[in-house]
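This is a guided tour to follow with the structure open in a viewer. Each stop gives a selection and then what is found there.

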Amino acid sequence: MEFFTWVVIVIALCIFMAYNRASLSTFSLAFIALMALGTFLDIVSFFGWFFFAIIAIPLNVSSIRKEYISAPLLKVFRSIMPDMSTTEQEAIDAGTTWFEAELFKGNPNWTKLHNYPKPRLSAEELAFLNGPVEEVCAMTNDWEVTHELADLSPEVWQYLKDKKFFAMIIKKEFGGLDFSAFAQSRVLQKLSSVSSVLASTVGVPNSLGPAELLQHYGTEEQKNYYLPRLATGEEIPCFALTSPEAGSDASSIPDFGVVCKGEFEGKEVLGMKLTWDKRYITLAPVATVLGLAFKLRDPDHLIGEKDDYGITCALIPTDIEGVITGRRHFPLNIPFQNGPTQGNEVFVPLDFIIGGAEMAGQGWRMLVECLSVGRAITLPSNSTGGVKSLALATGAYARIRRQFKLSIGKMEGVQEPLARIGGNAYLMDAVTTMSTGAIDLGEKPSVISAIAKYHLTEKMRQCVSDAMDIHGGKGICMGKGNYLARNYQGAPIAITVEGANILTRSMIIYGQGAIRCHPYVLAEIAAAKNEDAKEALDDFDHALFGHIGFSISNICRSLWFSFTGSRLQKTPFSDQTTRYYQLLNRFSSNLAMLSDISMATLGGELKRKERISARLGDVLSYLYLASATLKRYNDEGRQIEDFPLVQWALEDSLYKIQEAIDDLISNFPNKGVALFLRFTIFPLGTWLQKPSDAIDQKVAEILQTPSETRSRIGKWQYLKRDPAFPMGQLEQTLEDIVACEPIYTKACKGLGKYLPFYKLNLVAEEALAAGIITQEEADLLSKTEIGRKAAIDVDDFDSEDLRLKK
């Protein structure tokens, strides 16, 4: 019995030390103390000490450990480590890690999360949002843009240039606005509530492109010439990366340049002959300066000893002879300026390379470093802005539109998709706020940018489909009054550009995240590549044993959380969010354990097991989305009225984490390992559910009822009560409907009969004549009827108007 008790104590000590991530030396000292106590109690014999010494001495004496354990394992690690190309290495090295690294540790520091400052607009940024942005929204008619002009109007183009919309990213010393990433996001969100063409046109020059590349890598001469001209709109930029043969695999572009001597502007200079064929290039049809990515060759060694320098970026004025600006592409009826560009042996001086000749071959590094910022702003912001506006519009429509004698928003079938729209609108705004806040703190979050781009564009696609289902015929009939159809048509565009979503999910999020965010993997890889044998062994030994301890800890933590329901942990707040922090801690430990076991059992094969990688990426992603939701709730003062939105977003994210883990285990190639994982993570089975019907109903009601919570969902969106802007009309009609409902009820009771909730002007006349309502109330009913009818009406056309006219 004493021996059995002793074994239980030993196991308990192991779990306790591993759970708390004790160091190897602390672990060993604790066992020495326990062994001494066992000897005193006559439980541990000489053989027990001998067995302990055989294990403990090699582990704790560094010279023995390195020679007999770490060195052989380093050799094995080098043999199984997957090959990594230069472009892959540069992509992994690009950017920085931020809170997503905490989520990989298995024990996120929530205090750190909540201590990050809440992003805020400066007075200048707020004035721009409430001034020029509001004005250009009022100037833009999306039906005119998409159906009549296939472009922004000349007046809008000029206004964008005059007010420096293309210069939000450019520093003030060059005449730019130098706005924060958070401010850029808010501007794009507001523009997207009016027109996706408008938002895209403004977003691209402020994202990955010549201005961004020049500010980071350009020569002083290049900066001083181009940046002021870009700031005023004198130059319109585009950036040409994608080729017909290289889309998502951008590093494989076939476009090339050859270093040679030639004549430029009457002088013989050292330059390059460039040949390219690019497509899908936004702003290419109107660009005056072309940022071009190509592979540079130097067969005659005119600039160095290498034959091939690799991807290089240059700035090419589009009026140079030989530059061909192709005709426009027409992406899904969303006619932002997009098209091909070509050139065949176009000669330009070598100093057209961004940063000069010394930056030859540095183009891929430049691109992935800048993309880690831009990809977190433009598409996530455009998607979020669109969903926020649709959340308000769809909620209003669901309250206004009646079928079967009640508002369709009261139907449970409608409440389900309506709740998805509202919950995702809250979550998406939380993610863009937190991600742009990270950029403004100096981060270049490459993993976060991939998460935001993939998940927010996918959520936008889901939400716009849900909105279309709720609107029915109102959504499918095109015309000036349709605020939904163009978003529905254009949803796949955001899914496709800046890295196709399939690729982003299956290769990039976890492919970068596992190496960049894991506390030890990057150090192990760096040690394995180190040619200094002693330094490599020292570094590998330190990383390896830290990694082993980390892995054991996460297995113990995962087991403990599984059998305790993760209910015994301390959390930052003791309120309705407590359980969510506990579950996120549990899944964070599960992610860390799953990552280590997947890498250990699959090795280099994990790189090719894209669906395993995708599911691990989903776990990391939804941990991040949930964290952003919790931070938003805290930053906004923990408004209890907002809690149904928080609850929906968190429970949806947690359910999807559970789904991803369950699918991963079910499809894990090694079935023995899969059994171990299921026992460790889900010993009692899966248990989390989707947001309940009751939560759906609360979220749906929020979208249909004017309130401060509803206003926070649509904060800073364009909602002007303009007859030419259908969403603004809807907001006014919603308020009128809410005000009219008690008047209508009073009229029905006074008249002693039920009247349908339409033709409210006739209800007003009858009730007024009977003296049941006042003239003011009658006027409101009549006004509301006009708005109600406009909300449900659709446009119609003469057949001639629908024919293509040339």
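Start by selecting A527, which sits in helix α22, residues 521-529. The model is a predicted one, and the stops below should be read with that in mind.

With A527 selected, check its surroundings. A527 counts as buried because its relative accessibility is 1%, under the 20% cut-off for that class. Beyond its neighbours within four places in sequence, A527 is in contact with R78, A536, D539 and F540. Now add I324 to the selection and draw a distance between the two C-alpha atoms: A527 and I324 are 203 residues apart along the chain, and their C-alpha atoms are separated by 48 Å.

**The nonpolar cores**

Next, select F165, L191 and I316. These are the residues with the most contacts inside the largest nonpolar core, which has 219 residues. Another core, of eleven residues, lies apart from it; among its members are V521, A528, L537 and F540. In soluble globular proteins, nonpolar side chains tend to be buried together.

Keep L191 and show what surrounds it. Not counting residues up to four places away in sequence, L191 touches V133, V136, C137, F165, L198, A199 and V202.

**The loop between α10 and α11**

Which two elements flank the loop that holds K164? They are α10 (154-162) and α11 (181-192). Select K164 there: its phi is positive, about 65°, although K164 is not a glycine. K164 is partly exposed, with a relative accessible area of 26%.

Then move to D178, which is also found in the loop between α10 and α11. D178 is not a glycine, yet its phi is positive, at about 55°. Its relative accessible area is 37%, so D178 is classed as partly exposed.

**The second largest pocket**

Select L24, F27, S28, F31 and L59 together. The pocket to look for is the second largest, with a volume of about 1100 Å³. Of the 36 residues that line it, those five are the closest to its centre. The elements giving two or more residues to this lining are α1 (2-19), α2 (24-40), α3 (46-60) and α23 (533-564).

Which helix gives the most to the lining of the second largest pocket? Select α23: this helix contributes ten residues. Colour the lining by class and it divides into 24 nonpolar, nine polar and three charged residues.

**Helix α17**

Select residues 412-440, which make up helix α17. This helix has 29 residues and reaches 42 Å from its first C-alpha to its last, close to the 42 Å expected at 1.5 Å a residue. Is α17 largely enclosed by the rest of the structure or largely open? It is largely enclosed, because 24 of its 29 residues are buried. Step past the end of the helix to G442, which follows α17 and has a positive phi, near 100°.

**Last stop: E785**

Finally, select E785 in helix α32, residues 775-792. E785 has a relative accessible area of 9%, so this residue is buried. To see its partners, show Y758, K759, L760 and N761: E785 is in contact with these four, leaving aside its neighbours within four places in sequence.

Notes. Residues are numbered from 1 along each chain as its sequence is written. This is a predicted model: local features need pLDDT of at least 70, side-chain atom pairs count only at pLDDT 80 or more; totals for chains, interfaces and linings use all residues. Side-chain values use heavy atoms; hydrogens and water are left out. Helices (H or I, at least four residues) and strands (E, at least two) are DSSP runs, numbered from the N terminus. Buried means under 20% relative accessible area, exposed over 50%, partly exposed in between (1.4 Å probe, protein chains only). On a 1 Å grid over the protein atoms alone, a cavity is a set of points where a 1.4 Å probe fits but cannot get out, and a pocket is an open set with protein on both sides within 12 Å along at least five of seven lines; lining residues have an atom within 4 Å of a point. Grid points are joined across faces, edges and corners, and a volume is the space filled by probe spheres set on the points. Ala, Val, Leu, Ile, Met, Phe, Trp, Tyr, Cys and Pro count as nonpolar, Asp, Glu, Lys and Arg as charged, and the others, Gly among them, as polar. The expected span of a helix is 1.5 Å times one less than its number of residues. A nonpolar core is a set of buried Ala, Val, Leu, Ile, Met, Phe, Trp, Tyr and Cys residues joined through side-chain atoms within 4.5 Å. Contact means heavy atoms within 4.5 Å.
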